Amino acid sequence: MSRVPTAALSKYLLQGQVSRQGCLRLTRTPQISARAIALRPAIVSSHSRNLHTQTTETPLSTPSPAPAAPSNHVPLRKQLKDEAKKAKAAGKKKKKNATNQVVPGWELTVGIEIHAQLNTARKLFSEATTSFNDESNSHVAYFDLATPGSQPHFQKETLIPALRAALALNCDIQPVSRFDRKHYFHWDQPSGYQITQYYEPFAREGRIILQPRDGIAAEDGDGLAVRIQQVQMEQDTAKTMAQPGETHWIDFNRTGVPLIEIITRPDIHHPATAAALVRKVQILLNAVDACVSGMEAGGLRADVNVSVRRTDDPNTPLGTRTEIKNLSSFKAVEDAIIAERDRQIAVLEAGGVIEGETRGWSIGSTETRRLRGKEGEVDYRYMPDPDLLPVVIGDDLVSHLRNSMGQLPDAEVDELTEVFGLTAKDALSLVALDSGARVEYFWRVVESLQSKLDSSIAENLACFQMAANWILHELGRLTSNPHDGSAQDLGFTSDGECRRVPVDSLADIIVFLYQHKITTKVAKELLWVVYRGNVPEQYSSVTDAIETENMWFNELSEQEYAELADQAVEDQEDIVGQFVDTSRQYPQGKLMFLVGRMMRLGSEERIDPKNAESVMRRLLEEKYVPALGR
Amino acid sequence: MSTHVRHFRSKIPSGVLCSLRLRRTPPLRLASSSLPTRTNAFIAGVDEASLPPPPDASQIRLAVKDNIAAQGLPTTCASRILTGHEVPFTATIVAQIEQLLGAELWGKTNMDEFGMGTHSTNTPYGSVNLLEGRSAGGSSGGSAVAVGLGQATVALGTDTGGSIRMPAAYTNTVGFKPSYGMLSRWGVVPYANSLDTVGLIAKEVAPIQEIIHAVCMDHDPKDPTSLPATVRERCVAERQYYPSSRRTPPDLQSQGLRGLTFGLPIEYNIEELSPRIKEGWMQVADKIKEQGGRVVPVSLPSTKSALSAYYVIAPAEAASNLSKYDGIRYGKRASASASAEDSDTTSSDALNGILYAKTRGEGFGPEVKRRILLGSYTLSSEAVDNYFKQAQRVRRLVRRDFDRVFRLSNPLLENEHGDGSDEQQQFDLSDMDESVPLESKLGPTQIDFLLCPTAPTTPPKLNDVAKQTPFDSYMNDVFTVPASLAGLPAISIPMALPKSEEDPVDFGGVQLIGQFWDDARLLAVAGHVRSKQQ
């Protein structure tokens, strides 16, 4: 079940060590100090401020946004306030998304571009290492700064995660691909162009299958296939950090970090399905270890192209589309599409015309806003990069990566539901959580349980279901306790271990619970003991903790249960009387009342409520009810 | 007006033409320049007011064109926008020559801004001249003059469409452009990467030969277009006169040029070719025949389109390369007060303008601006298919022309037969000039080298240059551009011209072009031809 991590894979691919000949020869990366970078502080005129606010929130290199006209610009907080006011005044309440997937008489068409940061050690065209939140400008090579006279050195290793991503998306890998320059001026782009793959991308014609369990709109029925037009590699831009006043700091650590851009065909017709697609892409990229982080951490961004047309005439061509840039959450994808669809329909119904333009979206708003029209569109003047050789990808590499990919999430979800009987919802959550580390943890717990139980999965299905349940819900409770000051992180690693709750400890707890050697209450206490680090600090193991604290489940004997039941029914003739005629409906509530009395009267830690219930039920039938009749 | 120029003009959209006719400003000298120069050859490192004596025989002085990085001296590409800019590392080729030959770095030489020009007049450091009031050629004019003056033993230049060969022809020196990919471009500020070639200028062929022999096998991992070591070995295995060549080459001293065939490209006999240059060219051909060489006419049918293709490809790459000089990371920012004047512009597109336009408007000279505009147009989405892509096709045709006339095959081409045979691409007789005689039923004679003039005229007067339109000056590159497009080695050596009443200049440049990676043999033969000229 284990997947080969990209880092390990790149070590043994390409003859065990990636060749340092040719353009890959290691050169000392110049350590350019932050001071050197600050030599020419990026002072910008006040006009560029709103342009800037866009880019600071743009961790991924979407083409430099042409600025919104200053007159259009409203600070976010004011915008939100105004909108709330407006909504209140109009007495308008937002429609629930689930019931807002279709507008009768109109068809929506959506295509998506997804940018994802690749999981690589080095930048795309320099030996500088990739980093996250390191000291600013500490990982910068001459080429990253576009130093005149420096040249790009393509890092072959970056192909590995890129190829895995393309394979997970069922793409045709192109034997030859090339890099092009995309030109636009922006201070986060020191060379004045971004190197990307426009004319000849490395992967084409893939597809993603979306199923109902992926969260598609109900209108999409049993599922659909969304075609991928192409996947291309490209450079990320520098990060801009706004400072007080008119100062902007630029961190070139991110310049040249490898990204992939995934471009779908316009095969999506419902907003929820678009969000489901982006979510699925994220899960897939995580599953094949191609991507650094998900949308929540800014490692993934989506641009959506939206158009509408009337459904009355099937021969109508697609409507004019607009592009909404830089959506940073699944919800934003769905909300922005709904808002833009409704805007376009309103414009068309009022006899207007949709202009091809670029629009923006702020989280929580109800309308998209215009960023720039077609006339303000940048002509990127694509040109093949004359310094970069074509990328030639051999069949051997592709087939090796294909064979070492491991199980993809869909197959994994199928296995979890079919073999372990998990619900589709639980199975999907397991696969999606912690960038795939959570399900990896589950597999290791399963392994450990199997060795402890020494019998087949089918015989002990309940035990594995209990494990899944605990891994999803009980572990989640550990970090959701607001009164616990400890680190709110379970510390899952990509190889399926958990720093705070090691695999073996959890497996111990589950097995003891499953075998009724401890009660559920004790099991939950033990989980906290492990989480707080008392195992192994205070107790050498879970077993040791149980021994030391005398927590084994020392259940009452049959005799003791019977005696306890006798005590419980004393002076309860009225209740017992209700069990005389159970032909219409068994008085389960009354039964539980009597069981509750048993629990109160006896020592709770020695009672299994299930067993107490069955003893009480049996004795009522055999002893107490017949006694009434005498 | 020859067909070439007409053809070229027809390729330029009329709207662009108008905007390209910028006002010509008189050459400008830096007001408080510490170089009260006469030749304006040096930008940094050498004070022309007190020139040191020429080097003695044991000393090797290396002059470096100002677009090649040498740590400790500024690298400004003779552009205002890079005033005082220092590249924080040394170009591979500079380090190689310093280390291998013990050469001494002797200063940075003047040039046309970013390499764009034919006369080294597009520079804020004053027009370069060696003969009083005459063009020294461009863009590596300063390097050629440094050698012509005797100040430098050898000078580094760059050749994108003739920028080494042209100055050599105008200064009576030897200028060599090696095969593309032989010398490293790491540390060379790019003008048009796919054409830029580092080359050498010296008084004689020998010092150039020495350097090429020393570095020709060195692959530079820092330059992705530097030919890999394995490919170099494969190329050299099929070539003669390299230090590591397997076969012992014929001794030129004793055997002369026997067995070698030189081609005269008939398409190069253009209207603009000065009669004296033509006469000098024919005299060189006669000398070669005296030496036992064979001289035959050949046809390079794509020559007509080569200049147009060059002036599409080079400006396109230049426009891209020069994007980085925006005043943020690179380039001198235009003064803040000047920017403030325009800052009341309100349209959203002007936002970009405020940040970059002023800097770029002030920092670049008119020729650079012209080529950026040209390149930006030919790459624009509406024009890219008709210009840029079309030019790339022409470029392939130009290379095919060369591959068909040369006896040696191009080692970079896939052998279609896969059996290592030297079978050549067939000529299509329909696109060949009828005046070329056929050698056999397979086609015309195949040759070892092309022999042609470097420039159509002797060095023009700077006053006349100032009156030229950009197109007249582009025309000058007609003989040098084809070898650049094909990445072939080419050398310009001095040739004597018949005496003339009107023009006192009695020398010109004659060019030898060889097949890819035939550099060593080209240098050996050029050295021999040169020795028989003197």
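**Two helix pairs and a low-confidence stretch**

In this predicted model, one helix contact in chain B brings together Gln96(B), Ile97(B), Leu100(B) and Leu101(B) from H3(B) with Ile211(B), Ala214(B) and Val215(B) from H6(B). Sorted by character, the residues of this contact come out as six nonpolar, one polar and no charged. H3 covers residues 92-101 of chain B and H6 covers residues 205-215 of chain B, and their axes come within 11 Å and cross at roughly 100°. An angle from 65 to 115 degrees counts as roughly perpendicular, so that is how H3(B) and H6(B) lie to each other.

Chain A offers another pair to look at. Here H12 (residues 461-480) packs with H13 (residues 503-514) at an angle of about 130°, and the two axes are 10 Å apart. That makes H12(A) and H13(A) oblique to each other, and the crossing of H12(A) with H13(A) is right-handed. On the H12(A) side, the contact involves Ala462(A), Cys463(A), Met466(A), Ala467(A) and Trp470(A), which meet Leu506(A), Ile510(A), Leu513(A) and Tyr514(A) of H13(A). This contact's residues divide into nine nonpolar, with no polar and no charged ones.

How far can chain A be trusted? The average pLDDT of chain A is 81, and 83% of its residues score at least 70. Over residues 15-59 of chain A, though, the pLDDT is below 50, and this stretch has 76 contacts in the model beyond near neighbours in sequence. Residues 61-71 of chain A also stay under 50, with 39 contacts beyond four places in sequence. Where pLDDT is low, the predicted coordinates shouldn't be read in detail.

Definitions and conventions:
Residues are numbered from 1 along each chain as its sequence is written. Chains are lettered from A and ligands numbered from 1 in the order in which they are written. This is a predicted model: local features need pLDDT of at least 70, side-chain atom pairs count only at pLDDT 80 or more; totals for chains, interfaces and linings use all residues. pLDDT is the predictor's confidence in each residue, from 0 to 100. Two residues are in contact if their C-beta atoms, placed from the backbone, lie within 7 Å. Axes are lines fitted to C-alpha atoms, for helices over the stretch in contact, and angles run from 0 to 180 degrees between N-to-C directions. Helices (H or I, at least four residues) and strands (E, at least two) are DSSP runs, numbered from the N terminus. Angles under 35 degrees count as roughly parallel, over 145 as roughly antiparallel, 65 to 115 as roughly perpendicular and the rest as oblique. Ala, Val, Leu, Ile, Met, Phe, Trp, Tyr, Cys and Pro count as nonpolar, Asp, Glu, Lys and Arg as charged, and the others, Gly among them, as polar. A crossing is left-handed if the near helix is turned anticlockwise from the far one by less than a right angle, and right-handed if clockwise.
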